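Open the structure in your viewer and keep the selection tool at hand. We will walk through a few stops together, one selection at a time.

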Amino acid sequence: MLPRLFGLGDPAAYLDATGRAARVAVDTAYDRAGVHPDTPSTHLADAVGAVDFSQPTGSLDDALAEVAELYAHQTTAYHHPRYAAHLNCPVLLSSTAADTVLGALNTAVESWDQARSAALMEQRLLAEVGRWCGFAAGDGVFTSGGSASNLQAMTLARGRAVQRLTGHAGLADLPAEVLGSLRVFVSAATHYSIAKAAGLLGLGRHAVVVVPTDAAGRLDPGALAAAVEHEGAAGAVPMAVVATLGTTDRGAIDRLPAIADVAERHGMWVHADAAVGGILAASAATRHELPALHRADSVTMDFHKTFYVGLACSALVVRDAESLRHVTVHADYLNPEDSVHPNLADRSLQTSRRFDSLKLWLTLREHGAEAVASLFAGARERTRQACGILRARPMFAVLEDPTLVTVLFRVRAEGLSEEECTAVQAAMHRELVAGGRALIATTVVDGVPHLKFTILNPAVTSGELEALVDVVEEAALRHADAVRAGRHRRRGAGRNRPHAPSASVSCTLPSSAGPRPSAARVVEHGEQVCA
């Protein structure tokens, strides 16, 4: 029998298939003991590697059972109360319902003849998001994520800069000597995708100028002005500055009004990376926390982070719709130049693209932006509660009060050095990742390793937050005791060691040799490497 196709034959077969698939998700998601199972990675690799694609299962039930075993039961549950690792949100039912519809209808949005009203719905959504940003006639494009949105922002900024220097718009006529002169100004907390974009766009890593931050981790506008002046005096062309509205680790919101002032004086493109903090613009109650957003040339919004919709749903919104022409290439078969209808391929770095914006559309139509923003407000409150719980435990030292939904902290075990506490953090994090009782993240701030909670679940209770900290504290205590025991053993071995012959040479470093190098160091744009 030929495989069944959606839209052909008995519709009951589709309803039956989706019902069975939904059961796999339900059986996986609800009443989970841990964030994920403690199955060793080697076992997972062996199980996946044993699948023989030359021998199909022959039935949907058997294939779904295999998917449940290999994938669904092994997933990390972002909705679990002890998940506090990354910017992954629990997903609204409106989003899962939209996924069901768009998955079956399989709309491609790149050209009018394929998309029809889906193209109009995307444009309407982008206008609404632009309104949140204060854009009178905003436009943009939906993308797969913040990195893709940031790449497109830098592409548009490059296009405008090259046009000003050469008179040529779009993707053609990009002289190497011009590209080599362009500069993008960022902070050390700017998302690494900006540096990646500079490389992909032919600007080179040297084009990314890292500006110092203030004590709160925000880009320093005074230092930005000095850096722009310095680069300009050396013959470079200031192309763009990136203001981050909600950094990944500290949730810091760069001072956009002062940054925009500097950019305006030098004719620079202002890109606001609001992948995390963009939800604040969706509510009248919090819009003031993103002042001068209307002065940005482009804004990244990640709806699959803080709007509680499923992956992948991000957008780049621009103040001037004409700037999108810098990525436009026409193809006669798809988006001819004389088309009278909107072809979304005109404005996108992608061609084939799913109608993922439907997840945001259905969510906003069911609940409204204020209700979605209230979920994030709840997550911020839970984050503040978690911070208070950590501060009450002598085992932990919190870096600072949270701005958005992250808390950074270190282990402070009695009698252990900073280096030993860092070793405890690394060991306990490995244990938590392997065991799945709780999941948190690690990061580095100003060269110092920290642990991190990221809390996007507004439904987590105070008791569940206490339980999360309990699990983390138990692991920290256990590994701190192991470090102390190891130190005791080493001291005992040293006392029992026979005296070395007088001819031996001491290898002790002199005091002037300085501190021992740390196990990790920060390199360009927040990337971490082992020393």
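Start by selecting α10 (221-233), β5 (237-244) and β6 (269-274): they are among the elements that cover the buried residues of α11. Keep in mind that this is a predicted model.

Now add α11 itself, residues 256-266, and color L256, I259, A260, V262 and A263, which are buried. Look down the helix axis: these buried residues fall within an arc of 160°, so they line one face of α11. Turn to the other side of α11 to find E264 and R265, both exposed. Just after the helix, pick G267, which has a positive phi of about 65°.

Next come the salt bridges, of which the structure holds 32. Select R353 and E122, whose side chains meet in one of them, at 3.1 Å from N to O. R353 sits in the loop between β8 (314-318) and α13 (357-367), while E122 belongs to helix α6 (residues 117-133), 231 residues apart. Are these two buried or exposed? R353 is buried at 9% relative accessible area, and E122 is buried too, at 1%.

Stay on α6 and select R131 and E128, a salt bridge with its closest N and O atoms 2.7 Å apart. The two lie 3 residues apart, about one turn of the helix. R131 is partly exposed, at 47%.

Move on to R183 and E231, another salt bridge, at 3.1 Å between the closest N and O atoms. R183 is in strand β3 (residues 182-187) and E231 in helix α10, so the pair ties together parts 48 residues apart in sequence. Both residues are buried.

For the last stop, select D99, R354, D356 and K359, which salt bridges with shared partners join into one network.

Conventions. Residues are numbered from 1 along each chain as its sequence is written. This is a predicted model: local features need pLDDT of at least 70, side-chain atom pairs count only at pLDDT 80 or more; totals for chains, interfaces and linings use all residues. Side-chain values use heavy atoms; hydrogens and water are left out. Buried means under 20% relative accessible area, exposed over 50%, partly exposed in between (1.4 Å probe, protein chains only). Helices (H or I, at least four residues) and strands (E, at least two) are DSSP runs, numbered from the N terminus. The arc is that of the directions from the helix axis to the C-beta atoms. Contact means heavy atoms within 4.5 Å. A salt bridge is a side-chain nitrogen of Lys or Arg within 4 Å of a carboxyl oxygen of Asp or Glu.
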